[in-house]
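This report examines selected features of one protein model, namely its nonpolar cores, helix packing, individual buried residues and unusual backbone geometry. The sequence and coordinates are shown first.

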Amino acid sequence: MPDRQTGFVKLTDLLRERSRDKKTVRFVSEISTGRSFTYGDFFELVQERARSMKMFGLKTGDKVGLIYKNSIEFMAGFFAVLENDAVVIPVNGALKEREMAYVFQDSDLKYVLTEPGAGSVDRAGCVVRECMLSENVRFAQIGNQQGTAEDGGDLEEGTAIILYTSGSTGKAKGVMLTHENLMCEMDNIIKAHKLTEQDRVLCVLPWFHINGLVITMLTPLLAGHEMIVAEKFSQSRFWNWIDAYQITWFSGVPTIYTYLLAGTDRNLHKTLRFARSASSSLPVKVLEAFEERYQVPVIESYGMTEGGSQLTSNPLPPEVRKPGSVGLPYGLEMRIVNENGEICLEGEEGEVQFCGGSITGGYYRKRQETKDAFDGKWLKTGDVGYADGDGYLFLSGRKKELINRSGEKFSPREIEEILYQCKGIKMAAAIGVPDEIHGEEAVAFCVLAEGACIGEKEILEFCRKSLVEYKIPREILFVDELPVGGNGKVQRLKLKDVYNARRVK
């Protein structure tokens with residue numbers, strides 16, 4: 001059945017249609033090599049790769065790990081796998097051997113597409129045989145993979161990709177997303193951001209993560225506009241790229257905005273019509289500082305892998321954007337429920353839930369986790385928030401991240417918002433740690449700006465001006481950097497490990 005929103009059955013059908021309608025129109029340009037492909041030429045490259053994979057033995061339903069930097073070759077491999085009715089599993093190449101082996105086994109992965117000399121792949125799985133699809137593209141068969149899940153769970157019909165969650169609350173889980181899920185989501189993003197054929201996106205987020213993959217790699221295909229591909233974000237080159245390629249939009253994460261504000265550039269980049277932030281909450285102070293300096297609206301959005309990427313987004317000007325809010329749902333239904341499962345009133349906090357065409361059918365080989373993630377048709381995000389009178393969503397934190405001090409529960413973000421306003425602090429994150437008297441106490445980790453000279457006492461005094469006593473951190477810990485995952489989120493569990501290690505010393 002064709003997707004009810006886009007009219008296409010599969011992503012490869014969409015690519016085929018674009019190659020006919022926009023055959024000679026430039027589709028993708030690669031910064032590192034200077035290569036460019038039209039829609040027609042890119043489609044031919046995909047067909048060539050697909051034929052080679054099939055000759056090597058790739059069959060319908062096989063799982064293929066895609067472990068490659070952002071590039072035209074990543075894109076060609078992605079669509080070539082789908083052209084063979086196989087399933088793509090984008091994997092972070094920076095994973096350690098143990099982490100990568102887990103993904104290989106849990107997903108029943110059979111092949112990997114990667115760069116030559118990728119030793120981590122060889123150590124994570126037994127390479128049976130391999131071939132070179134081109135000078136820089138290695139296609140290898142992995143043997144003896146046995147799934148680790150004990151409770152079964154079948155592959156959902158029409159699955160295009162399986163993306164593994166960051167595992168911040170436990171072992172990574174493979175989120176199944178169908179062609180229909182993805183095309184519904186692409187359509188939602190286009191409507192939220194009013195994308196047109198005249199737009200041009202700069203891709204700087206990694207494509208092994210849902211934000212980069214769906215927002216900046218797949219959606220431009222449906223919108224029919226050009227992509228400019230960077231291997232990764234570069235603070236020193238970013239604004240040159242924006243101007244040289246006349247970029248109209250990009251998607252970032254809060255850390256990118258923090259780095260850009262730390263730079264000296266203060267030019268107005270006139271082709272840029274909006275900047276997008278997602279993956280974790282953007283401090284209001286950072287949003288306001290970026291908009292003031294560059295006169296470009298920052299569109300804060302909210303999403304998760306299980307939702308296909310974007311769940312809500314602030315609208316573009318001249319519609320109302322609300323700092324601190326992650327906006328309105330596009331193409332999805334949203335509800336907020338309390339601990340008794342009752343619908344929350346306006347302004348009342350509860351768990352945020354969604355249903356709609358982009359929502360996953362579940363986790364691969366994990367029936368119990370899938371069951372636990374849903375309340376009927378509603379995806380339980382695990383995020384706590386409230387909606388105002390206009391329906392805008394405000395997030396407070398995650399259920400498992402809330403700090404509970406003597407029964408007073410609050411979000412780490414409340415502390416972080418204040419810390420980001422303190423002059424001299426570049427980045428900040430708060431967590432709850434065990435306390436014999438109060439159950440939990442808050443501690444905060446701070447990365448100081450270059451040349452800053454500020455101590456724990458000054459920071460705590462600053463916090464006391466804006467926070468009730470029980471929310472003030474018990475301790476400020478200074479670190480050189482915060483542990484950030486590939487999705488741009490601060491990994492709070494790792495911060496707890498850092499805290500525990502310091503207590504042992």
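Which residues of the largest nonpolar core touch the most other members? In this predicted model, the core in question comprises 80 residues, and those touching the most other members are Phe-42, Phe-78, Phe-79, Met-217 and Met-227. Phe-42 illustrates the pattern of contacts: with neighbours within four places in sequence left aside, Phe-42 is in contact with Leu-15, Phe-27, Val-28, Phe-37, Ile-72, Met-75, Ala-76 and Phe-79. A second core, separate from that one, has 60 residues, among them Leu-272, Ala-429, Ala-442 and Cys-446. As a general background, nonpolar side chains tend to be buried together in soluble globular proteins.

**Packing of helix α1**

Helix α1, residues 11-21, meets helix α3, residues 72-83, with axes that come within 9 Å and cross at roughly 115 degrees. Because of this angle, α1 is classed as roughly perpendicular to α3. The crossing of α1 past α3 is left-handed. On the α1 side the contact is made by Leu-11, Thr-12, Leu-15 and Arg-16, and on the α3 side by Phe-78, Phe-79, Leu-82 and Glu-83. By class, these contact residues are five nonpolar, one polar and two charged.

Helix α1 also meets helix α2, residues 39-56; here the axes come within 7 Å and cross at roughly 140 degrees. The angle therefore makes α1 oblique to α2. The passage of α1 across α2 is again a left-handed crossing. From α1 the participants are Leu-15, Arg-16, Arg-18 and Ser-19, while α2 supplies Tyr-39, Gly-40, Phe-42, Phe-43, Val-46 and Gln-47. The residues of the contact of α1 with α2 divide into five nonpolar, three polar and two charged.

Leu-15 and Arg-16 of α1 thus take part in the contact with α3 and also in the contact with α2. Phe-42, listed for α2 in that second contact, is among the core residues that touch the most other members. Phe-78 and Phe-79, which α3 brings to its contact with α1, are also in that group.

**An enclosed helix and its surroundings**

How many of the nine residues of helix α9 are buried? Seven are, so α9, residues 254-262, is largely enclosed by the rest of the structure. The buried residues are Pro-254, Thr-255, Ile-256, Tyr-257, Thr-258, Leu-260 and Leu-261. They pack against the helices α8 (238-244) and α10 (284-294), and against the strands β12 (249-252), β13 (274-277), β14 (298-304) and β25 (425-435).

Val-286 belongs to helix α10. Its relative accessible area is 8%, which means that Val-286 is buried. Not counting residues up to four places away in sequence, Val-286 touches Tyr-257, Thr-258, Leu-261 and Tyr-420. Of these, Tyr-257, Thr-258 and Leu-261 are among the buried residues of α9. Val-286 and Gly-451 are 165 residues apart along the chain, and their C-alpha atoms are separated by 19 Å.

**A buried strand residue**

Ile-476 is placed in strand β27, residues 475-478. Is Ile-476 buried or exposed? Its relative accessibility is 4%, so Ile-476 counts as buried. Beyond neighbours within four places in sequence, Ile-476 is in contact with Ala-444, Cys-446, Glu-456, Ile-459 and Leu-460. One of these contacts, Cys-446, is included in the second core. Ile-476 and Ser-251 are 225 residues apart in sequence and 31 Å apart in space, C-alpha to C-alpha.

**Backbone geometry**

The loops contain residues with notable backbone torsions. The table gives two residues other than glycine with positive phi.

| Residue | Phi | Relative accessibility |
|---|---|---|
| Asp-108 | about 60 degrees | 22% |
| Arg-365 | near 65 degrees | 16% |

Asp-108 lies in the loop between α4 (97-106) and β5 (111-114), and at 22% relative accessibility Asp-108 counts as partly exposed. Arg-365 is in the loop between β19 (362-363) and α11 (367-373). At 16% relative accessibility, Arg-365 counts as buried.

Which residues are joined by a cis peptide bond? The bond links Pro-317 and Pro-318, with omega about 10 degrees. Pro-318 is located in the loop between β15 (309-313) and β16 (328-329).

How values were computed: Residues numbered from 1 in each chain as written. Predicted model: local features only at pLDDT ≥ 70, side-chain atom pairs only at ≥ 80, totals over all residues. Heavy atoms only, no water. Axes fitted to C-alpha atoms, helices over the stretch in contact; angles between N-to-C directions. Helix = DSSP H or I, 4+ residues; strand = E, 2+ residues; numbered from the N terminus. Parallel < 35°, antiparallel > 145°, perpendicular 65-115°, else oblique. Left-handed = near helix turned anticlockwise from the far one by under 90°. Contact = heavy atoms within 4.5 Å. Nonpolar A, V, L, I, M, F, W, Y, C, P; charged D, E, K, R; others polar. Buried < 20%, exposed > 50% of the residue type's maximum accessible area, 1.4 Å probe, protein only. Core = buried A, V, L, I, M, F, W, Y, C linked by side-chain atoms within 4.5 Å.
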